[in-house]
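Here's a quick tour to read with the model open beside you. Take it one topic at a time and find each residue as it comes up.

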Amino acid sequence: MEFIDLRSDTLTQPTLAMRKAMMEAELGDDGRVGSQGKGEDPTLNKLEAMAADILGKERALFMPSGTMGNLTALMTHCKRGNPVVVGEHAHVLISEKGPFMPELYGLVPIKVPDPAGKLDLAFLEKALKENSARLVCVENTHNFSGGAVIPLEYLHKIRTLVRAHGLPLHMDGARIFNAAVASGVEAKTIAATADSVQFCLSKGLSSPVGSMIVGTEKFILAAREWRKILGGQMRQAGVLAAAGIESLQNLVGRLAEDHQKAKALATALEKEGIFMGEKVQTNMVKLDVSVLKLSSKDFQTELTKRGVKVHTLSPTEVRLVTHKDVSEQDCLAAARIISQFWKKRLPRS
Ligand SMILES: *Cc1c(COP(=O)(O)O)cnc(C)c1O
């Protein structure tokens, strides 16, 4: 059976140009560090310089994954056991966990309500007054809110508040380029509101592997030490960086197509009376299935039988994610399959 696979944009396959660039990349040992704190892989150094430039930060560091990128950033900002303010639905807290696990780095999460991905400012202010927090984390776009873009004016407010308390701000910008493309604000301008940013090359940007963290030179040199300790230093990593360069040069602009496909999918579902709850902003459509008196897992199983794969977000919600490797036609076909099933299942009142 051929599936329309809308589970995640992590499913994207590297492009032909990426595969070619990977094959032809000039390589060296990134673990041999010179006086500037840079390794000997020229392709990796090129990617890091490019990422720093695009995000408007002094330096960048290549990471094997976003999970290790966030962990490394949090370890660099904080000492073991430090309190860290984080949204209660933050990916780093719910999905990644490592920074907050007592067995790993033991940071203490100070959880703040985060409707639509935005830390509640009144709660944040109170949390900062009452706790000796060392760091505040934001996420943009916000995964568990269905790819919500965090507005720039709001980020400025958070930054001012966090600065007033003398603290750094880390942005989990796994999909910062989706935020940039959707809002028409440059990634650099968004990144300027945070001291450090993590972003993924491996999601909508279609690289097979890799994330970056960016920040000041001092921050990145310290992060490089933690990355080594965590086992994230890779030798001829230019073979991966070559794909990352392709991502940054040629796959950012096309994210608009993913957003368009998500809108088409949501509009088709709405036309059939399926209410989305939240407006689609980027490449994700969030669907609350509770009216069907069905768990999200059962809904997922039923849809898989009908040829559509989705991801469950909570016991009542599923997520549909558009990406390079699904067409608009696929998305509309998925909408038809979902609405057929929906109508059949909807309890008559
Ligand atoms: C995917 C994701 C990560 C982690 O990236 P991996 O490369 O999968 O480890 C971190 N934060 C958010 C918001 C994500 O969506």
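Start with the ligand: 13 residues sit around it, and the ones that come nearest are Gly66, Thr67, Asn143, Asp172 and Lys203. Keep in mind that this is a predicted model.

**Around the ligand**
- Gly66 uses its backbone here: one of its backbone N or O atoms lies 2.8 Å from an oxygen atom of the ligand.
- Thr67 works through its side chain instead, where an N or O atom is 2.6 Å from an oxygen atom of the ligand.
- With His91, look for a nitrogen atom of the ligand, which is 3.3 Å from an N or O atom in the His91 side chain.

**Strand E2**
- How many of the residues in E2 are buried? Five of its five are, and the strand is mostly covered.
- In a regular strand, side chains alternate between the two faces of the sheet.
- You can follow two directions in E2: Arg59, Leu61 and Met63 point one way, while Ala60 and Phe62 point the other way. All of these residues are buried.
- The partner to look for is strand E8, residues 211–215, which is joined to E2 by five bridges and runs antiparallel to it.
- To line the two strands up by eye, find Leu61 and then Ile213, the residue opposite it in E8.

**Lys57, a buried lysine**
- Lys57 sits in the loop between helix H2 (42–55) and strand E2 (59–63).
- Why does Lys57 have no salt bridge? The nearest side chain of opposite charge, Asp195, is 6.4 Å away, and a salt bridge has to be within 4 Å, so this pair doesn't count.
- What does the side chain of Lys57 reach? It gets to the backbone oxygen of Ala194, at 2.6 Å.
- Lys57 also touches several residues from elsewhere in the sequence, including Ala52, Ala191, Val214 and Gly215.

**Leu47 in helix H2**
- Now move to helix H2, where you'll find Leu47.
- Is Leu47 buried or exposed? Leu47 counts as buried because its relative accessibility is 0%.
- Leu47 and Ala241 are 194 residues apart in sequence, yet their C-alpha atoms are 6.0 Å apart in space.
- Ala241 is also one of the residues that Leu47 touches, and others among them are Phe62, Leu201, Met212 and Leu248.
- Phe62 links back to the strand you've already met: it is one of the buried residues of E2.

Key
Residues are numbered from 1 along each chain as its sequence is written. This is a predicted model: local features need pLDDT of at least 70, side-chain atom pairs count only at pLDDT 80 or more; totals for chains, interfaces and linings use all residues. Side-chain values use heavy atoms; hydrogens and water are left out. Helices (H or I, at least four residues) and strands (E, at least two) are DSSP runs, numbered from the N terminus. Buried means under 20% relative accessible area, exposed over 50%, partly exposed in between (1.4 Å probe, protein chains only). Lys and Arg count as positive and Asp and Glu as negative; His and the chain ends are not counted. A polar contact is a pair of N or O atoms within 3.5 Å; within protein, one must be able to donate a hydrogen and the other to accept it, and residues adjacent in sequence count only if both atoms are side-chain atoms. Contact means heavy atoms within 4.5 Å. Two strands pair if DSSP finds at least two bridges between them. A residue is near a molecule or strand if one of its heavy atoms lies within 4 Å of it. Lists of a residue's contacts leave out its neighbours within four places in sequence.
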